[in-house]
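New to this one? Take a quick look at the chain first, and then we'll walk through a few parts of it.

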Amino acid sequence: MTGAVPQQRFSLLGAEHWPELTIELLSDPQPGPWDLTHAVPGGVVSYDRVTGRARVPAAAGATLEDLVHPHIMIAAYLAAASRDEEAIHAAACAHGGGAWVLLGAHEQGKSTLLAMLSRLGCQPLTDDMVVIRDGVVCTGARCVDLRPPAARQLGVSAPARFSTRNRIELPPVAAEHPLRGFIHLTWAQPLALVALRPRDRLARLVAQLGHVRRRDLELLLELTAVPHWELRRPPDWGSAERSAELVHELMEDQR
């Protein structure tokens, strides 16, 4: 294990009251009384809600910078889920005084859209793991990791995650932002941004919220009270810029 996480990677404003999380970085984490787990490249992240400790696998030659995302972020995700906070596989950005959560399955372009929205003036909050606590979206690590094809299109070259991604560095930002709404990402023709009816929102949320068992479904129902939109766009780079513009225009209208 070598290196250190730069301080700016977790530089958040107003997070002093957040619960503490202790993380153990181990080359070969042994099974134990850990009640929440999540697979990551190279092993399994596990969390014990009694002690508030997480174990994160750290392969030989890994740096702490390599493990910021997804390993350490997933430890925070499991800790939040243990407190019955809503922990979601998603991205999020802030604009106009509120936060928007970008939901989509694997390889639905969440990180790419997040990067493109940042170029239109939005603030990326978290790339891949969203925690919602008491109606606010909690900011994550200050970076966005792109797959190589998207990174080439956007001119991002800094390597990350054992050189499997390219990383955009993000500045410090407020730790909490009021939840404004959800945008569900789908590959489809033609390009459109469509409002989801209230009766359709719960099913769409459940389909994206991951494997952690929820003990308080009322919290999940509360998330259906904010606006939900579906972004339908073709899976080609030519539509990416207009997709980001549509989302940005929505955020402007909902300020």
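Below are some notes on a sheet, a helix and two individual residues.

## Before we start

What you see is a predicted model, where local features need pLDDT of at least 70, side-chain atom pairs count only at pLDDT 80 or more, and totals for chains, interfaces and linings use all residues. Residues are numbered from 1 along each chain as its sequence is written, and side-chain values use heavy atoms, with hydrogens and water left out.

Helices (H or I, at least four residues) and strands (E, at least two) are DSSP runs, numbered from the N terminus.

## The open sheet

Let's begin with four strands that make an open sheet with mixed pairing, in the order 2-5-4-3. Strand 2 (22-26) and strand 3 (36-40) sit at the edges, each pairing on one side only. Pairing here means that DSSP finds at least two bridges between two strands. In general, strands of a sheet pair through backbone hydrogen bonds, either parallel or antiparallel.

At one end, strand 2 runs parallel to strand 5 (residues 53-57), with five bridges between them; Leu-26 has Pro-57 in strand 5 as its bridge partner. Strands 3 and 4 are antiparallel, again with five bridges, and Ala-39 is matched with Val-44 in strand 4. Two residues lie between the strands of this hairpin, where Gly-42 has a positive phi near 90°. Strand 3 also has two faces: Leu-36, His-38 and Val-40 are on the covered one, while Thr-37 and Ala-39 are on the uncovered one.

## A buried Asp

Asp-48 belongs to strand 4 (residues 43-48). What is the nearest side chain of opposite charge to Asp-48? That's Arg-49, 6.7 Å away, and the buried Asp-48 has no salt bridge. (A salt bridge takes a side-chain nitrogen of Lys or Arg within 4 Å of a carboxyl oxygen of Asp or Glu; buried means under 20% relative accessible area, using a 1.4 Å probe and protein chains only.) The side chain of Asp-48 does make a polar contact of 3.1 Å with that of Thr-51, and such a contact is a pair of N or O atoms within 3.5 Å, one able to donate a hydrogen and the other to accept it.

## Helix 2 and Cys-143

Helix 2 (residues 110-119) is mostly covered, with eight of its ten residues buried. Among them are Leu-113, Leu-114 and Met-116. After the helix comes Gly-121, with a positive phi near 105°.

Cys-143 is in strand 10 (residues 143-146) and is buried, at a relative accessible area of 2%. Leaving out residues up to four places away in sequence, Cys-143 touches Arg-9, Val-68, Asp-127, Arg-167, Ile-168 and Leu-170, where contact means heavy atoms within 4.5 Å. Arg-167 is 24 residues from Cys-143 along the chain, yet their C-alpha atoms are separated by 6.4 Å.

How values were computed: Buried means under 20% relative accessible area, exposed over 50%, partly exposed in between (1.4 Å probe, protein chains only). Lys and Arg count as positive and Asp and Glu as negative; His and the chain ends are not counted.
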